[in-house]
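Got your viewer open? Load the model, show it as a cartoon, and follow along one stop at a time.

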Amino acid sequence: MSAHVLRNSVVSERRLHSNAYQSPNCSDDSQQVKENILKAALRKIEEFGWTEDALVAGAAECGLPSISHGLFDRGGADLVIYFYNSNNEDFVRTCGSRKNLAGGSHAALKRFFAEAIKERLMLNTPLLEWWASGLGILAQPRYAREAMRLVGQLVDEMWYLSGDTTVDSNWYGKRAALAAVYNATELHMLQDKSDGFVDTWEFLDRQLDAYLWLHSRIDRVQEPLSNTLPLLNAGVTTIANLTGLNQRRHF
């Protein structure tokens, strides 16, 4: 696969859309019903957790019968995925105006990623007390592909908004490493008792220093790898297809 073809594929998959959960076989009305139930169910997490009971309570709040939870094949996992994806979309809407403002320097990238990750993680705070159990659901093997898709699209957005438009043999590597920084910081935040999550932001600062140091070293060896780009592109594209980074799961 050429870099040009890969670039077009990346661009077509990059943007998160507000209808990310809509199935081609789902009418607008039924999709709206499902979204209404999910939104209402999020208000029941404190009482029921990430469970079918929360979906049942959400359906009842919408004036729908309890069997409406059957609309969600994955039960409480659909609720976790909805919360994660909705926060991703909110992040893109609020952070999109800062596109291309990061610049290419180490300091500028670090500042941009620190602000972006902090902004995204703060979207979890309304349900932070229950988010550990939500992540526990996503950590189950059956949802591993979905979890990788969610964080993969998030870090792709972050790189895109940072002004990075390169598509090379390091494209997936940069995103995988940033995903590791995000996930580690998210887990640290769940245990953080400091005021204003100061400990978490200091942890993030250290993680970004290590990540960007590695990123700068990789860039130095990028040119000698250019001759192997077609083969590497084929390999990373195959991995992305297997993990789901190049596609979205729909309800």
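Start with the whole chain: it has 11 helices and zero strands. Helices here are DSSP runs of H or I with at least four residues, strands are runs of E with at least two, and both are numbered from the N terminus. Read along the sequence, the pattern is α-α-α-α-α-α-α-α-α-α-α.

A bit of housekeeping before you click on anything. Residues are numbered from 1 along each chain as its sequence is written. This is a predicted model, where local features need pLDDT of at least 70, side-chain atom pairs count only at pLDDT 80 or more, and totals for chains, interfaces and linings use all residues, while side-chain values use heavy atoms and leave out hydrogens and water.

Now colour by pLDDT, the predictor's confidence in each residue, from 0 to 100. The chain's mean is 79, and 72% of its residues reach 70 or more. Where is confidence highest, and where lowest? Select helix α7 (residues 128-138) for the highest, at a mean of 97, then helix α11 (residues 229-243) for the lowest, at 44. Next, select residues 221-245, where pLDDT stays under 50. The model has 35 contacts (heavy atoms within 4.5 Å) beyond four places in sequence for that stretch.

Next stop: a pair of helices. Two packed helices are described by the angle between their axes and the distance between the axes. Axes are lines fitted to C-alpha atoms, for helices over the stretch in contact, and angles run from 0 to 180 degrees between N-to-C directions. Select α5 (residues 76-95) and α6 (residues 106-122): they pack at about 135 degrees, with axes 10 Å apart. That makes α5 and α6 oblique to each other; under 35 degrees counts as roughly parallel, over 145 as roughly antiparallel, 65 to 115 as roughly perpendicular, and the rest as oblique. Show the side chains where they meet, including Tyr84 and Phe91 in α5 and Phe112 and Arg120 in α6.

Now move on to α8 (residues 144-161) and α9 (residues 171-190), which pack at about 110 degrees with axes 9 Å apart. So α8 and α9 are roughly perpendicular to each other. Among the residues making this contact are Leu154 and Trp159 of α8, plus Trp171 and Tyr182 of α9.

Finally, zoom back out. Buried residues (under 20% relative accessible area, using a 1.4 Å probe and protein chains only) make up 47% of the 251 residues in the chain.

Technical notes
Buried < 20%, exposed > 50% of the residue type's maximum accessible area, 1.4 Å probe, protein only.
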